[in-house]
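Subject: Structure handover, cysteines and salt bridges

Hello,

Here is the structure for your files. My notes on the cysteines and the charged pairs follow below it.

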Amino acid sequence: MVLNARLDHRNPLVFDTHELGRRPGALQRLTRTVDAPKDFGVQGVIAVPEGAPVELDLRLESVMEGVLVTGTARAKAKGECVRCLEPLEQELDADFQELFSYPDADDRGRPAAEPGDDAEDDEDRYFVEDGLIGLEPVLRDAVVLALPMQPVCREDCPGLCSECGARLADDPDHHHDAVDIRWAALQGLAGSLGDGEKDEMSGAEPGVDEKQEK
């Protein structure tokens, strides 16, 4: 069971639902800009930098089971292109919806005999704690799902040259003359034979001169 233990109402990602009461159908809309928490994304790949502004558009609705939160998080994520390794910046729009259950009610809104009777069902659930809900874990999951696992600076990024590591986008005509290793071996053999013939010719010239003198 995911309990929002010791939630601090001063935390910008903690929201007070007392205004909704427990009246099914009660609705509250909120807009808030918060600082991104630490590790907000896929570390080492792409993420929203810690402290960067995150704009939240939220809809809090009271239902029988608890408080249904629907919203969108907007921010700028920074990372590195997986093809050319250049820094990149990407606009992020992460949609999410999560139900925060009342600890004293079951899935049908009825008082529960014992909170946590079904540990497996409660394991992945979020709960309203003293009228407060904490959105950080929900936002973190939404952001990770919205970010690309293999970000690129542009869809047609050609990447780096496999031979020398040059950035191909800077030099579209960049290439290396490919040499077939089979021909390279023959060229080496031809070179060695040519050197041998020259040595034989240079060794025969003195004998020829002597015969001519006689």
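**Cysteines**

The sulfur of Cys157 has its closest cysteine sulfur in Cys153, at 3.7 Å, which is too far for a bond. Please keep in mind that this is a predicted model. Cys157 is buried, and its relative accessible area is 6%.

Cys84 gives a similar entry. Its closest cysteine sulfur belongs to Cys81, 3.7 Å away, again too far for a bond. Cys84 is buried as well, at 4% relative accessible area.

For a disulfide, the two sulfur atoms would have to be within 2.5 Å. The search of the whole structure turned up zero disulfides.

**Salt bridges**

The search of the whole structure gave ten salt bridges. I describe some of them here.

Asp104 pairs with Arg22, with 3.4 Å between the closest N and O atoms. This salt bridge links distant parts of the chain, as the two residues are 82 residues apart. Asp104 sits in the loop between strand S7 (87–101) and helix H1 (119–122). Arg22 sits in the loop between strand S1 (14–16) and strand S2 (27–35). Both ends have some access to the surface: Asp104 is partly exposed, with a relative accessible area of 41%, and Arg22 is partly exposed at 46%.

Glu136 and Arg140 form a salt bridge through their side chains, with an N to O distance of 2.5 Å. Here the two partners share one element, helix H2 (residues 136–146), where they are four residues apart, about one turn of the helix. Glu136 is partly exposed, with a relative accessible area of 26%. Arg140 is also partly exposed, at 22%. Since the buried class ends at 20%, neither Glu136 nor Arg140 falls into it.

Arg59 and Glu61 make another side-chain salt bridge, 3.0 Å from N to O. Of this pair I have the accessibility of Arg59, which is partly exposed with a relative accessible area of 27%.

Finally, there is a network of salt bridges that joins four residues: Lys76, Lys78, Glu89 and Glu91.

**In short**

There are zero disulfides and ten salt bridges. If you look at one pair on screen, Asp104 and Arg22 show a link between distant parts of the chain, while Glu136 and Arg140 show a pair within helix H2.

Regards

Technical notes: Residues numbered from 1 in each chain as written. Predicted model: local features only at pLDDT ≥ 70, side-chain atom pairs only at ≥ 80, totals over all residues. Heavy atoms only, no water. Buried < 20%, exposed > 50% of the residue type's maximum accessible area, 1.4 Å probe, protein only.
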